[in-house]
Each structure stands twice: as structure tokens, then as C-alpha cells.
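The report below considers cysteines, the relation between the copies and the contact that joins them.

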2 protein chains.
Amino acid sequence: MPRASQQTPILDDPKLWAERIVGGERAALARAITLVESKRPDHRRAAQQLLTALLPHTGAARRIGITGVPGVGKSTFIEAFGLMLIEAGHKVAVLAVDPSSGRTGGSILGDKTRMAQLSVNPGAYIRPSPAAGTLGGVAAKTRESMLLCEAAGFDVILIETVGVGQSETVVSEMVDFFLVLMLPGAGDELQGIKKGVLELADMIAVNKADGDNQKGARAAASHYRAALHITQPVGETWTPPVLLCSGLAGEGLSEIWQQINAHRDHLEEEGTFEAKRNAQQIRWMNSLLTDRLTGLIEEDDTLLAEKQRLEAALIAGETTPASAVEELMDALQASLRRSS
Amino acid sequence: MPRASQQTPILDDPKLWAERIVGGERAALARAITLVESKRPDHRRAAQQLLTALLPHTGAARRIGITGVPGVGKSTFIEAFGLMLIEAGHKVAVLAVDPSSGRTGGSILGDKTRMAQLSVNPGAYIRPSPAAGTLGGVAAKTRESMLLCEAAGFDVILIETVGVGQSETVVSEMVDFFLVLMLPGAGDELQGIKKGVLELADMIAVNKADGDNQKGARAAASHYRAALHITQPVGETWTPPVLLCSGLAGEGLSEIWQQINAHRDHLEEEGTFEAKRNAQQIRWMNSLLTDRLTGLIEEDDTLLAEKQRLEAALIAGETTPASAVEELMDALQASLRRSS
């Protein structure tokens, strides 16, 4: 018989592992995240047992999402921001949602290299994005990793996203506060903000506002203030501030942290903080449920082929969407009956 | 035995009714839309047969979505715009997506009253929103009604929405061109554009740009141009024009029609028109499929109660979203096995 894998102890005794994680054992946390990221059915079950055991120890962290286009200086910002928070007594975990990332040694090395000081700081824990997969799958694993980090005592969770496709939206759905980093400049650089990102922002910070960039950064900030003024939805009680900062020079970072705290106070005073987190939980559950339900078709080769045939017939003008869906549902129910 | 209902002829002979609709019989069109809006399973089946028979006669119309806040003058605009198009030889159908509307005599009367001239014009067909229901349900019926109107020879379809919840998004998903009407004024009136509406707009028209409003309308237009400049996504090849118009004075309407045609030419030249329509069809089918799949749970009292119990447990911190979903999927599969 093969030797039991390194994973076995967690599978055998989730409660013991929960205790080790709550006790702050870094290696236990790392292995628990690996378990959460696994697709093996027995790992999935063990991961859920572990998470359930840890739930009472979760939820106390500031959950902060950070996005920005490549080149905006996210890594430098996160390193400087994280080190400042650790200095002030916080424990900071950095997670990522990047569905395009492959999980290889290179990727992990990359994350450690680009945040060289933070990665070796005992107050920080940096974990790269789960391996490439569907956005929903990657996000679900990052959410669960966030809970593990909270249980391990990290009280600030920074979740970075590179802004591919809908990744900002899913990250904004798992955090309390969503920070959008922007580049200085008021000309063409301003164009091409990703669809909908202004609406997700709880704050915009114009990064690299140092040296010769300061004038451009102020111009950009004033443009963003105008844009937010125009796009702010009716009934929104928080006006996203637009600040300047420099990850490189370490400037503007404490103002950003103050605003994050002000936002939390605002939600608490308004009585909407718990409601926001609860709604996120319910939407998360519903999104997993939709994935599982569509998976009944998408993960069955025969049904998937039938679906593709119907899509082709639809495009060819031979059937209607409603008729196609009825055919597909009939096929699904026949398939479920056969398998029972 | 009760006499056969008025509906029976369609149920018995969809092909005959398809011929009558294509032949331009207004009464046949009206009854077909009523059939499409019915929830009775036999009506649903007959409606799909009818639509399938009519598919070769659909697709040739300009499909235009129109939104704007209450008070922006949508009815006056649509009446003036529709009459202008009829004058130019078009046949214009006006449909609506308003999930908050009740289908009562009052509602129909309302639509006819607010577009008094258009409603009696033989070149126009006005149909109020399907009865209150889920947005997806109301939208599906309006989509199908649009196909019926196309088969009946209407070559311009105006789909109005009042902008409740996500209704702009679903209307933008069924049209070729999405027009957002705005009010003049450059101050606080500008605030509170609905979330995401700027991104859906293929054109913004500042309505009521007449009399004393003209200065305010120009100021508003320049603000919207700036906002669109900032929020235009990377890779977008169509820059939404911002025009002034007055439904009341009948001004600016032909410029709007010119831009709608320019947009169509742009998509045709780019080779993306068919792709846009095909992608809409596939998304429509997938959205109906998701509705049917979630309906397996939501429309089963026992499973719905189980779902609500699990949501409560989730909020209470007793389970994780993933565990809750697995429990629910197990319950669903057990239920499907029992019923087979």
C-alpha cells in the first residue's frame, strides 16, 4: 500500500487541524488552503468539515478588495500598505483572484518576489491565486481561503484581482471595501476604465502620485470625482472618496486606511454592515447552486452535446430559445431517471 | 361541454394563424401575443409552435430599446418618433418591459391614452407590458411578442422600459440599439444615473431641449459626453453620440434616426451585427435554462423550504455555502428519483 499522503491527517481529523489553524500554525494554514483548493471529492468534503469547524473563528477581519490595470503598481502598493498595517499591529493576509494564472512554482515565486519584504514578514501571509479555472471556481476557493486566514488570526485580508473579465465583480462580492487603483494622467489614459468598475469602487486611489506625476495625478483625481458624481446611483449613502497615493514613496497610505475605517463606521452606524455580509453569503450560495445546476448539463457529455446541437439549431433559425430549453430539460430528466 | 374558447383556433392550427399574422391581420397578431403571454402549458406549447412557424419571417426589423426616468417624456418622445417613422413609410410596433405593471384595463387604456395619435395610426401597433411577474418572465414574453410583430411586417420595434431594477439590461439584450433619454440640467439632476446605464447606451438623447431648457440641455449633453469619454470601455468601436431632442416640439428626431442607421451600418461594416444577434439568442436560451433549472428547486415547496432552512443556517454561521448547496443538490436528486 502507498503511504498516506501529507493530506491525510486533515482528512482524518478536521477538528485537530482547526485547532492548529486557530493556534496560528502557519504550516497548518498553508495545508488547509491546499485542501480547500483541491478538486478531489474526499478533499472537498474534508475541506467543508474543516471550514464548518472554523466558522466561529471567522468574520472579524477587514476584507478589502484591490484592483487596477497592469502597471498601476498594485504589488508595490500592497507591499507598502501591508507593511504599514503590520507596523500598526495588524496581521495581513494577501490573497488573489486571477483565473488566468497557472499554479506553478513560477507563480508562487512571482508573488513572493514582487512583494519581497512583505513575503518574509512574520505578520504577513501571501498566497497566490488558486490555479486557473472558471472565475466562479477560483473565487469560491479564494473565499474559503479568506475564512481560513481569518480563523488563523489575520485581521486584514487584502484580495487582489487583475481585472480580467468579471473578476472585479466577484471580488467586490466577497469584501467589505473595494479599492480601485488608477494611474495619473488626464488624457487618453483616463479612457477605458473597465465596464462597471466605477460602480464597484468604495474608493479610488490615484497611485504613483509622486515626483513629476503629481500634477497629472491631481488632474486625474478631479476627473474621477466628476465621473463618480455623475454615475453615483440614487440612494447611495457613501460617496467614494478619490485620494492620491504612492506605494513607492509610501505616501497617502494612512489616509486610505482612515477612509476604509470611516466606511466601516458608516455601514455600522447605518446598520447595514451585517446585512451586506449576509446578502453576500446568500448570493454566494445561490451562485454555487446555479453552477451545480448548470453543471448537471455542462458536465454530462451527452447532455452537453445535445445543448450544443440545440444552440446551432437556434442560430440557424430552426427553433426558439423556449423550445430548445424544453427539449434540453426533457433530456435532463430522462437522464436523471436512467441514472437513478 | 363549454364552448371552445376564442383561443382554440390558434391551438388547433398554428400554421393557419401564422399565415394570418404574416398576412397582416391585426386581430391575429393581438391574439397571438395574448397566447405568448399565457402561462397555461397547452398555450405555451402552441405559442412555441406558432413562433417556430413564424421564425423565417422574423429578424428584419430595427430593434430599438428606449429608457429614461419617469418624467423624461418617454411617451411624448415615442409618439413623435413613431409618427415620423410612419410618415417615412415604416411600420412601428411599441412594446414594453415593465415588471411592475399590472395587466388591467387601466394599463392598456393608459398606453393608448398617453400615445393618443400613435395608437390610432394604422401604421402603429402599441402593446403594453406583459402582466407583472419576474423580470425574466416579462422580458421573455416581450421578446416573443417582438418576433410576432416582425412576422406581422413591423420593421421598427420600439421597446420601452421604465428602468426598474435590471430591466434596462434585459431590454438592451433584446435590441440592436439602446437609447437613453435624459433630462436637461447640469446640476443635481445629473446625479443618480442608474447603475450601469451609461455602459448600455448606444446613444444619449437629452429630451425636452426646447424653450427655456435649451441652455440646460446643452450643459447636460456636455456633461454626458465627458462621462461617456471616461467610462467608454477599451476596444469599443462605437462612441455613443449625445444629442438634443424634443419629443414635444418634434425636434432632433430625424438626427436620432440617422444615428440609429449609422450604428447599424457600423456593425454591418465591422461584421459584428449577426454575431451580436446570435450572441443575444444564445444568452437568452441560457438565461431561460438557468430559470428552469433553479425552478426545479424554487417551484417545489419542499425543496424551497429546505433551501430557506439552509439559508438561515448559513446566516447563523452553522454551515458553509458549499455544504449547504451539496445538501440541497442531494435533496433535489432524491426528489427527482421519487417522482420518476
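## Cysteines

In this predicted model, A:C245 is buried at a relative accessible area of 2%, where buried stands for under 20% relative accessible area with a 1.4 Å probe and protein chains only. A:C149 is likewise buried, its relative accessible area being 0%. Over all chains the structure holds 0 disulfides, a disulfide being a pair of cysteine sulfur atoms within 2.5 Å.

## Basis of the values

Residues are numbered from 1 along each chain as its sequence is written, and chains are lettered from A in the order in which they are written. Local features need pLDDT of at least 70, side-chain atom pairs count only at pLDDT 80 or more, and totals for chains, interfaces and linings use all residues, while side-chain values use heavy atoms, with hydrogens and water left out.

## Relation of the copies

A turn of 180 degrees with a shift of 0.0 Å along the axis lays chain A on chain B at an RMSD of 0.0 Å, by least squares on the C-alpha atoms of residues with pLDDT of at least 70 in both. The two copies are thus related as by a two-fold rotation axis.

## The interface

Chain A and chain B each give 58 residues to the contact, defined by heavy atoms within 4.5 Å. Of the interface residues of chain A, 100% are also interface residues in chain B, so the copies meet through the same surface.

Across this interface there are 2 salt bridges, each a side-chain nitrogen of Lys or Arg within 4 Å of a carboxyl oxygen of Asp or Glu. B:R292 and A:E326 meet through their side chains in a salt bridge (3.0 Å, N to O).

Definitions and conventions
Buried means under 20% relative accessible area, exposed over 50%, partly exposed in between (1.4 Å probe, protein chains only).
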